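Me: I am new to this structure and would be grateful for a close look at one part of it. Please describe how the aromatic rings are arranged, and then what surrounds them.

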Amino acid sequence: MSIDFRSSWMNEELYLYRESVARFVEQEMLPGDEEARKRGHVGHALWRKAGELGVLCSDISEQYGGAGGDFRHEAVLVGEMSKRGLAGMSTAVHSIVAHYFYNHGTEEQKQRYLPAMARGECVGAIAMTEPEAGSDLQNIRTRAQRDGADYVINGSKTFISNGYLADVVLVVAKTDPAQGARGMSILIVDTKKSPGFRVGRLLDKIGLKAQDTAELFFDEVRVTADQLLGGREGQGFFQLMSDLPYERTLIGVGAVAAMEGAYKATLAYVRERKAFGQTLEKFQNTRFKLAEIATQVKVAHTFVDRCVEDLLAGLLDTATASMVKLWASETQCRVVDDCLQLFGGYGYMNEYLIGRMYVDARIQRIYGGTSEIMRNIVGEQVLGLPGEPRVDKEIAWADVRKN
């Protein structure tokens with residue numbers, strides 16, 4: 001009898017949906033993954049195929065071209081890819097961008113972008129990080145200066161997921177530097193229609209080789225005033241803040257799915273691989289280690305599932321979302337490392353899934369807020385302390401709320 005990792009939030013409809021998603025992943029994504037890792041991106045055609053199947057923007061209302069599902073449908077897609085070590089399509093980032101439009105955009109912005117994003121015809125990216133500003137978003141230098149009926153954007157961004165293939169980029173910029181957090185806004189840039197916008201190099205990462213992570217440059221990029229997300233200046237920090245539980249729960253979902261995939265791959269390997277005249281599963285050390293791994297995966301499933309349920313109910317707070325992002329990503333790295341050890345030298349080979357999972361896992365503790373930032377957020381909540389204005393994008397919440 002194998003360990004049961006079924007999620008508490010799954011139901012019959014979602015199991016059928018998962019079968020459809022799994023077929024797409026197996027038939028359309030897996031065969032091209034090796035080539036995608038070599039060239040550094042999956043290409044637009046795969047995004048359009050995903051759109052045709054209806055797995056993009058699955059939790060966006062049908063009114064705006066989505067599938068009318070909820071967070072669980074997004075979680076299924078992220079989970080099925082993560083179990084197989086497929087990171088080329090950053091559907092999580094695409095979904096987060098869609099939610100910025102859905103939750104904060106004007107009606108015209110929703111109608112213009114969301115249907116195209118659901119069809120896979122418009123790949124979304126969000127540009128926050130800069131060479132001199134990571135978690136400390138108040139230190140960003142990108143400017144969006146009003147010039148008559150337009151905004152003129154100048155600056156650069158780095159580590160931008162989906163950056164190479166993006167058709168629309170949400171750019172975090174200062175519209176009023178004197179106002180600190182309250183002077184930050186999000187501008188919408190159509191990459192194919194914006195002279196002065198340029199994609200730099202595809203960044204050479206240690207992992208996530210198939211995912212297009214790029215530098216972006218904005219040199220006098222001119223956008224009309226109706227390209228200000230939500231139509232009001234100074235709302236950027238609030239808009240970023242409000243969708244953090246969604247983003248960090250998705251990271252948790254991906255982490256636990258990757259753990260499950262690594263565990264199952266390791267289980268299959270130790271049942272076949274022989275040493276000293278017997279399969280590895282016969283050794284006590286192997287059994288003990290697999291028991292520890294299975295326990296961690298089971299506990300991770302339980303915590304992440306509870307956060308998914310709380311998110312669906314509108315009850316997931318920032319501190320708990322930070323906990324799940326922190327704990328799941330840290331645990332993922334430990335679990336995958338333990339799994340790789342059981343593969344011996346083969347685990348160090350790129351041709352083995354576990355080796356790719358190992359290097360891919362490391363970024364989980366960095367993007368979406370580093371583990372150190374997560375600890376700080378949770379620690380402040382535990383001690384009842386106010387956030388410090390230099391630490392994370394949450395820090396501006398108190399300032400924005402005063403508006």
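Reply: In this predicted model, ring pairs join Tyr-269, Phe-343, Tyr-346 and Tyr-352 into a cluster. A pair of aromatic rings is described by the distance of the centres and the angle of the planes. The count of aromatic pairs comes to ten. One of them is formed by Phe-101 and Tyr-113, which are stacked, at 4.9 Å centre to centre with 15° between the planes. Phe-101 belongs to helix α5 (residues 91–104) and Tyr-113 to helix α6 (residues 107–118), so that the pair links distant parts of the chain, twelve residues apart. Phe-101 and Tyr-113 are both buried.

Within the cluster, the ring centres of Tyr-269 and Phe-343 are 4.2 Å apart and their planes meet at 20°; because planes under 30 degrees apart count as stacked, this pair is stacked. Tyr-269 is part of helix α8 (residues 244–272) and Phe-343 is part of helix α10 (residues 318–343), so the pair ties together parts that are 74 residues apart in sequence. Tyr-269 and Phe-343 are both buried.

Helix α10, which carries Phe-343, merits a description of its own. Of its 26 residues, 20 are buried, so α10 is largely enclosed by the rest of the structure. At 1.5 Å a residue, α10 should span 38 Å, and its end C-alpha atoms are indeed 38 Å apart, which agrees. At the start of the helix, a side-chain oxygen of Asp-317 comes to within 3.1 Å of the backbone nitrogen of Ala-319. Just after α10, Gly-344 has a positive phi of about 65°.

Helix α8, which carries Tyr-269, leads to the nonpolar interior. In soluble globular proteins, nonpolar side chains tend to be buried together. Here the largest nonpolar core has 90 residues, and Phe-101 is among those with the most contacts inside it, as are Met-29, Phe-71, Met-89, Met-117, Leu-170 and Leu-240. Helix α8 gives the most to this core, with eleven residues. A second, separate core has 18 residues, including Tyr-151, Ile-153, Val-169 and Phe-197.

Tyr-151 also has a charged partner: Arg-146 lies over the face of its ring, at 5.1 Å from the ring centre. A comparable arrangement is found where Arg-198 lies over the face of Phe-217, at 4.4 Å from the ring centre.

Two further residues may be added to this picture. Glu-80 is located in helix α4 (residues 71–83). With 5% relative accessibility, Glu-80 counts as buried, because the term applies under 20%. Not counting residues up to four places away in sequence, Glu-80 touches Arg-18, Val-21, Ala-22 and Val-25.

Gly-207 is placed in the loop between β6 (197–202) and β7 (213–224). At 6% relative accessibility, Gly-207 also counts as buried. Gly-207 touches Val-359 and Asp-360, again not counting residues up to four places away in sequence. Gly-207 and Gly-355 are 148 residues apart in sequence, while their C-alpha atoms are 9.9 Å apart in space.

Technical notes: Residues numbered from 1 in each chain as written. Predicted model: local features only at pLDDT ≥ 70, side-chain atom pairs only at ≥ 80, totals over all residues. Heavy atoms only, no water. Phe/Tyr/Trp six-rings, centres within 6.5 Å; stacked < 30°, edge-to-face > 60°. Helix = DSSP H or I, 4+ residues; strand = E, 2+ residues; numbered from the N terminus. Buried < 20%, exposed > 50% of the residue type's maximum accessible area, 1.4 Å probe, protein only. Lys NZ or Arg CZ within 6 Å of the ring centre and 35° of its normal. Core = buried A, V, L, I, M, F, W, Y, C linked by side-chain atoms within 4.5 Å. Expected span 1.5 Å × (residues − 1). Polar contact = N/O pair within 3.5 Å; in protein donor to acceptor, adjacent residues only side chain to side chain. Contact = heavy atoms within 4.5 Å.
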